[in-house]
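I opened these notes to record what I looked up about two helices and their surroundings. The entries follow the order of my reading.

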Amino acid sequence: MRILVAITGASGSLYAQRLLELLAPSGHELHLILSRYAQAVIVEELGGQLRVPEGVQRHGLGSMNLPFASGSNPCDAMVVIPCSMGTLGRIAHGISDDALLRTADVTLKERRKLILVPRETPLSLVHVRNFELLLLAGAIILPANPSFYSRPGTPVEVADTVVARVLDHLGVAHSVGGRWREEPE
């Protein structure tokens with residue numbers, strides 16, 4: 001599977017870092033693109049640079065020459081993690097003025113898997129309406145709402161509760177975090 005991971009300037013860089021680390025050994029073809037403000041947030045939140053695993057292909061935001069900017073060569077899945085509300089709104093309204101937005105637009109129009117991981121609270125009616133537009137268009141909205149039933153003890157373990165759900169929706173097998181168990185009979 002060809003997977004494009006897009007990182008925006010929303011808080012939550014740890015989610016993106018963990019997704020890249022967990023996808024890297026999966027054998028899938030991985031691509032990466034960052035929004036204009038993503039690097040500033042990465043520096044602030046991760047204390048430096050994003051650790052990009054070997055083999056991940058990076059793409060520039062300003063180039064429409066990346067393969068996924070055309071419906072004749074779409075990716076199999078795209079994950080925008082974390083997804084700012086500005087990016088989410090532009091995707092919802094078909095604004096495609098950079099490579100990240102164009103690729104999201106192509107992913108939707110080609111009926112490929114688009115997973116958006118917003119990390120924003122509280123939500124406004126504008127956000128909810130944009131969620132609605134994207135859900136109707138076929139996107140998966142997977143808010144960065146961690147779970148605690150597995151009793152995560154570190155920030156990485158908390159982030160992994162969200163990243164595990166992203167991996168589930170990508171169809172990538174993993175053993176990250178705990179799963180909810182049925183009650184004993």
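The entries below treat one helix at length and then a second one.

Entry 1, basis. I am working from a predicted model, in which local features need pLDDT of at least 70 and side-chain atom pairs count only at pLDDT 80 or more, while totals for chains, interfaces and linings use all residues. Residues are numbered from 1 along each chain as its sequence is written, and side-chain values use heavy atoms, with hydrogens and water left out.

Entry 2, length of H5. I took helices (H or I, at least four residues) and strands (E, at least two) as DSSP runs numbered from the N terminus. Helix H5 covers residues 125-137, which is 13 residues. The expected span is 1.5 Å times one less than the number of residues. For H5 this gives 18 Å, and the end C-alpha atoms are 18 Å apart, so the two agree.

Entry 3, faces of H5. I used three classes of relative accessible area: buried under 20%, exposed over 50% and partly exposed in between (1.4 Å probe, protein chains only). Which residues of H5 are buried? I found His-127, Asn-130, Phe-131 and Leu-134. Seen down the axis, these buried residues fall within an arc of 105°, so they line one face of H5; the arc is that of the directions from the helix axis to the C-beta atoms. Leu-125 and Leu-136 are exposed on the other side of H5.

Entry 4, cover of H5. The cover over the buried residues of H5 includes helices H3 (85-92) and H4 (99-109), together with strands E5 (113-118) and E6 (140-141). I then looked at His-127 in H5, which counts as buried at 16% relative accessibility. Leaving aside neighbours within four places in sequence, His-127 is in contact (heavy atoms within 4.5 Å) with Met-85, Glu-120 and Pro-122.

Entry 5, ends of H5. Leu-123 lies in the loop between E5 and H5 and is partly exposed, with a relative accessible area of 42%. After H5 comes Gly-138, whose phi is positive, near 110°.

Entry 6, helix H2. In H2 (residues 38-46), I noted Ala-38, Val-41 and Ile-42 as buried. They cover an arc of only 105° around the axis, which puts them on the same side of H2. What covers them includes strand E1 (2-7), helix H1 (13-23) and strand E2 (29-34). H2 is followed by Gly-47, with a positive phi near 70°.
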